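Hello,

Here is the structure I promised to pass on to you. Have a look at it first, and then read on for my notes on what turned up.

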Amino acid sequence: MNRPRCRFPARFRWMKKELPEFFEGIHSNCPRFEKYFNALKGPSVSLVFSSYYLNNPSSAFGHTFLRINKAAASDGSRHELLDYGINYAANMDTDNALLYGVRGLFGMFNGSFTSVPYYYKVREYNNAESRDLWEYELSLTSDEVEQLVAHSWELGSSGVDYWYLTENCSYHVLSILEAAASRLNILEQLKSYRQQLKIEQ
């Protein structure tokens, strides 16, 4: 498991695709990653937006995450609760709205990535907080979906500072999509906005 290709399977997949002559006959053979990959993989990905919830300062403006959609059953039915969600959020250690606002604005929360069954997110947002969930299926190819799942494995142990106005859940969802589909160039368009915010702060 300590082999680099098991720790960074998305990068290994990319290099194997771009430089096939150097990686011919080399396989990942990473049991833990393969178990994770087979549990999450599906034919498509949806962007999910959870509506705002004023009783929780961290959700006052809503939340964005990704859902890996499982393939339909043989009879064509879909069981969405068995899909997987890929999430980035701040690790909150306070319920004080004022303290949360100050720390969130200045990047004083550590944020982390998680992959959880979708029914956990439904229970958290819809059942417990009565928040609407809006879903938008994305037009990613099957190869891009697989790359996204592999990249989510790489992010599993990463800690990234959470900035409420700039590098928040939506920003990191876009970064995951860019890593999965190199044809996308979304974050570049946000640079001027982020620079303007930093100047104002």
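**A buried charge pair, and what surrounds it**

Asp83 and Arg67 form a salt bridge, with 3.2 Å between the closest N and O atoms. Please keep in mind as you read that this is a predicted model. The two partners are 16 residues apart and link distant parts of the chain: Arg67 sits in strand β2 (63-69), while Asp83 is in the loop between β2 and β3 (84-90). Both ends of the pair are covered. Asp83 has a relative accessibility of 0% and counts as buried, and Arg67, at 3%, counts as buried too. The pair also belongs to a wider set, since a network of salt bridges links Arg67, Asp83, Arg78, Glu80 and Glu135.

**Strand β2**

How many of the residues of β2 are buried? The count is 7 of the 7, so the strand is largely enclosed by the rest of the structure. His63, Phe65, Arg67 and Asn69 point one way from β2, and Thr64, Leu66 and Ile68 point the other way. On either count the residues are buried.

The strand has pairing partners in β1 and β3. Strand β1 (residues 44-50) runs antiparallel to β2 and is joined to β2 by 7 bridges; one of the pairings puts Ser44 opposite Asn69 as its bridge partner. β2 and β3 also run antiparallel, with 3 bridges between them. Here Arg67 comes back into the picture, as its bridge partner in β3 is Gly85.

Thr64, also in strand β2, may be worth a click in your viewer. Its relative accessible area is 10%, under the 20% cut-off for buried. The side chain of Thr64 makes a polar contact of 3.0 Å with the side chain of Ser170. Leaving out residues up to four places away in sequence, Thr64 touches Leu47, Val48, Phe49, Asn87, Cys169, Ser170 and Val173.

**Other salt bridges**

The count of salt bridges comes to 11. As a general point, side chains of opposite charge can pair when their charged atoms come close. Here are two others that I looked at.

- Asp143 and Arg13 form a salt bridge, their closest N and O atoms being 3.1 Å apart. Asp143 lies in helix α7 (residues 142-155) and Arg13 in helix α2 (residues 9-18), so this pair ties together parts that are 130 residues apart in sequence. Asp143 is partly exposed, at 37% relative accessible area, and Arg13 is partly exposed as well, at 25%.
- Arg103 and Asp93 form a salt bridge in which the closest N and O atoms are 2.9 Å apart. Arg103 is in helix α5 (residues 97-105) and Asp93 in the loop between β3 and α5, so the parts tied together are 10 residues apart in sequence. What about cover, buried or exposed, for Arg103? Arg103 is buried, with a relative accessible area of 18%, whereas Asp93 counts as exposed at 55%.

**Around helix α7**

Glu146 is also in helix α7, and is partly exposed with a relative accessible area of 29%. Apart from neighbours within four places in sequence, Glu146 is in contact with Arg13 and Phe37. Arg13 is the salt-bridge partner of Asp143, and so turns up twice in this part of my notes. Glu146 and Ile68 are 78 residues apart in sequence, and their C-alpha atoms are 9.9 Å apart in space.

**A nonpolar patch on the surface**

Leu98, Val102, Leu105, Phe106, Met108 and Leu165 make a nonpolar surface patch of about 560 Å². One of these, Phe106, is placed in the loop between α5 and β4 (109-117), and is partly exposed at 47% relative accessible area.

**The chain as a whole**

For your records, here are the overall values. The chain has 9 helices and 6 strands. It holds 201 residues, and buried residues make up 39% of them. Of the contacts between residues at least 6 apart in sequence, 66% join residues at least 24 apart. The accessible surface is about 11,700 Å², and 55% of that belongs to carbon and sulfur atoms.

Happy browsing, and best wishes

Key: Residues numbered from 1 in each chain as written. Predicted model: local features only at pLDDT ≥ 70, side-chain atom pairs only at ≥ 80, totals over all residues. Heavy atoms only, no water. Helix = DSSP H or I, 4+ residues; strand = E, 2+ residues; numbered from the N terminus. Buried < 20%, exposed > 50% of the residue type's maximum accessible area, 1.4 Å probe, protein only. Contact = heavy atoms within 4.5 Å. Areas by Shrake-Rupley, 256 points an atom, 1.4 Å probe, with all protein chains shown as cover. Salt bridge = Lys/Arg side-chain N within 4 Å of Asp/Glu carboxyl O. Patch = residues over 30% accessible without salt bridge, like charges linked within 9 Å, V, L, I, M, F, W, Y side chains within 5 Å. Polar contact = N/O pair within 3.5 Å; in protein donor to acceptor, adjacent residues only side chain to side chain. Pairing = 2+ DSSP bridges.
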